[in-house]
Amino acid sequence: MNAPEHRVVCHLDRLLAERGMTLVQLAERAGVTVANLSVLKNDRARAIRFSTLTAVCDALGCTPGDLLGLAPPR
């Protein structure tokens with residue numbers, strides 16, 4: 001049986017644009033690799049650690065609710 005697709009979406013592109021920040025700058029400030037942020041940004045992440053979520057939110061000055069949303073069911 002296939003696992004159901006998740007509906008969590010990431011608003012990282014918008015948050016970076018609003019702050020005039022690049023993915024590389026965010027990676028440096030948050031202490032997270034560019035590769036991991038790219039997976040998150042492109043909605044390919046299957047999970048995120050609370051420590052990573054906290055670091056990204058701290059670096060962006062946002063809350064988890066600003067960074068992540070829930071798409072409607074198909």
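The exercises below, each with a worked solution, lead through a predicted model of one protein.

Residues are numbered from 1 along each chain as its sequence is written. In this predicted model, local features need pLDDT of at least 70, side-chain atom pairs count only at pLDDT 80 or more, and totals for chains, interfaces and linings use all residues, while side-chain values use heavy atoms, with hydrogens and water left out.

**Exercise 1. Overall layout**

Task: Work out how many helices and strands the protein has, and in which order the elements run.

Solution: Begin with the terms, in which helices (H or I, at least four residues) and strands (E, at least two) are DSSP runs, numbered from the N terminus. On this basis the protein has five helices and two strands. Reading from the N terminus on, the order of the elements is β-α-α-α-α-α-β.

Next comes the overall size, where the C-alpha trace spans about 40 × 20 × 20 Å along its principal axes. The radius of gyration is taken over C-alpha atoms, and the globule rule is 2.2 Å times the number of residues to the power 0.38. For 74 residues a compact globule would have a radius of gyration near 11 Å, and the protein, with 12 Å, agrees with this.

Finally, turn to contacts, which means heavy atoms within 4.5 Å. Among the contacts between residues at least 6 apart in sequence, 65% join residues at least 24 apart.

**Exercise 2. The pair α2 and α3**

Task: Describe how helix α2 and helix α3 cross, and which residues of α2 meet which residues of α3.

Solution: Two packed helices are described by the angle between their axes and the distance between the axes. Here axes are lines fitted to C-alpha atoms, for helices over the stretch in contact, and angles run from 0 to 180 degrees between N-to-C directions. The axes of α2 (residues 23–30) and α3 (residues 34–41) come within 9 Å and cross at roughly 120°.

The second step is the sense of the crossing, which is called left-handed if the near helix is turned anticlockwise from the far one by less than a right angle, and right-handed if clockwise. By this rule α2 passes α3 in a right-handed crossing.

The third step is to list the residues: α2 brings Leu23, Val24, Leu26 and Ala27, and these meet Val34, Leu37, Ser38 and Lys41 of α3. Sorted by class, this contact has six nonpolar, one polar and one charged residues; Ala, Val, Leu, Ile, Met, Phe, Trp, Tyr, Cys and Pro count as nonpolar, Asp, Glu, Lys and Arg as charged, and the others, Gly among them, as polar.

**Exercise 3. The nonpolar core**

Task: Find which residues of the largest nonpolar core touch the most other members, and which element gives the most to this core.

Solution: First fix what is buried, namely a residue under 20% relative accessible area, with exposed over 50% and partly exposed in between (1.4 Å probe, protein chains only). Of the 74 residues of the protein, 30% count as buried. A nonpolar core is then a set of buried Ala, Val, Leu, Ile, Met, Phe, Trp, Tyr and Cys residues joined through side-chain atoms within 4.5 Å.

The largest such core has 21 residues, of which Leu12, Leu26, Val56, Leu60 and Leu67 touch the most other members. Two or more residues each come from α1 (12–19), α2, α3 and α4 (50–60), and α4 gives the most, with six residues.

Leu26 can be followed one step further: leaving aside residues up to four places away in sequence, Leu26 touches Leu12, Leu16, Met21, Gly31, Leu37, Val56, Ala59 and Leu60.

For α4, the buried residues are Leu53, Ala55, Val56, Cys57, Ala59 and Leu60. Their cover includes α1, α2, α3, α5 (64–67) and β2 (68–70).

**Exercise 4. Two positive phi angles**

Task: State where Asp43 and Gly61 lie, and what phi each takes.

Solution: Most residues other than glycine have a negative phi, and most peptide bonds are trans. Asp43 is a residue other than glycine with a positive phi, near 55°. Its place is in the loop between α3 and α4, and Asp43 counts as partly exposed because its relative accessibility is 36%.

Gly61 comes just after α4 and has a positive phi of about 65°. The loop between α4 and α5 holds Gly61, which counts as exposed because its relative accessibility is 61%.
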